[in-house]
Amino acid sequence: MPMLYRVYKEVQGGHMYEDINQVDLAFVMDTTGSMGPLIKAARERMIEMLRRVAAAADIHLQLGIVEYRDHEPQAKMLTSVYPFTTDLEQAQQVLMSLSADEGGDAPEAVLDGILAACHKLSWRRHAVRLLVLVGDAPPHGVGAGGDFFAGGCPCGETIASVTRQAEETSLTIHALGLTSSVDESFSEISALTGGQFFAAGQADKAIVHIEELLQKQFAELELDRQVLAQYRAQPELDSETLAQHLDVSRHVAANALVRLLSRDLIEVPVRQA
């Protein structure tokens with residue numbers, strides 16, 4: 001029998017229908033010395049790009065930034081968290097304040113940066129939750145050469161445990177690597193949370209990839225709006241009928257339903273009697 005879903009009651013009152021436009025985006029960035037070119041490119045182009053894609057998608061965007069470096073004695077700063085803001089001018093000031101410094105061995109505190117984003121940023125309940133990881137060095141303990149903490153990150157976490165916590169926070173992690181040394185670890189991090197990995201290779205190309213990534217993500221959001229509108233009109237609509245109404249495949253409709261479920265905008269499905 002076809003699966004049924006129910007829209008939360010608040011949707012019928014209207015306010016949760018507006019919540020579907022919420023997008024919480026966190027950049028988790030390596031700011032050790034080698035990342036100078038990326039930080040310079042971000043200062044010059046990131047906010048302009050975000051304004052453009054957010055306006056085109058008609059979304060309510062919050063932007064947060066987490067910078068990470070390394071554990072002592074490799075660096076004095078481990079992570080620094082800049083809270084979510086809807087004020088892109090304020091976000092621009094944060095980007096302007098970032099500087100590339102420190103970093104001794106090759107790997108960095110990648111896992112600590114992701115954990116800080118998971119637990120120290122105030123993610124909105126119904127928002128699309130996106131984390132974009134940008135770096136040029138892998139985490140500790142993954143077999144990279146010159147690793148001062150070759151036995152594992154001092155935080156005690158692994159890629160598996162950190163991505164599990166990201167999933168529990170309903171985060172999708174997309175990763176951009178500026179060197180080939182991160183290809184394996186960043187690919188694993190993104191894949192385990194349903195995200196994508198891009199081998200950017202250079203700072204300017206990283207910004208281009210971020211824009212392409214967000215455009216694709218926001219195109220999915222438009223479909224999700226249509227799905228929620230259908231359920232708002234017909235709360236007991238089954239998934240097969242939904243696909244027919246929207247003229248999409250059952251697979252596409254099912255993916256939209258999963259996204260809405262992950263955002264608590266529709267209830268856990270129940271089977272038709």
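In what order do the strands of the open sheet stand? I looked this up first.

**Entry: basis.** I worked from a predicted model, in which local features need pLDDT of at least 70, side-chain atom pairs count only at pLDDT 80 or more, and totals for chains, interfaces and linings use all residues. I numbered residues from 1 along each chain as its sequence is written, and side-chain values use heavy atoms, with hydrogens and water left out.

**Entry: the sheet.** I found an open sheet of 6 strands with mixed pairing, in the order β4-β3-β2-β5-β6-β7. Its edge strands, each pairing on one side only, are β4 (79–85) and β7 (197–199). From one strand to the next, the twist averages 15 degrees. I took strands (E, at least two residues) and helices (H or I, at least four) as DSSP runs, numbered from the N terminus; two strands pair if DSSP finds at least two bridges between them.

**Entry: one edge.** I noted that β6 (residues 172–177) pairs with β7 in the parallel sense over 3 bridges. Here G177 stands opposite A199 in β7.

**Entry: helices on the sheet.** I saw helix α3 (residues 36–57) pack on the sheet, touching β2 (22–30), β3 (60–68) and β5 (128–135). The direction of α3 makes about 170 degrees with that of β2. Helix α4 (residues 88–97) also packs on the sheet, touching β3 and β4, and its direction makes about 15 degrees with that of β3. Contact means heavy atoms within 4.5 Å. Axes are lines fitted to C-alpha atoms, for helices over the stretch in contact, and angles run from 0 to 180 degrees between N-to-C directions.
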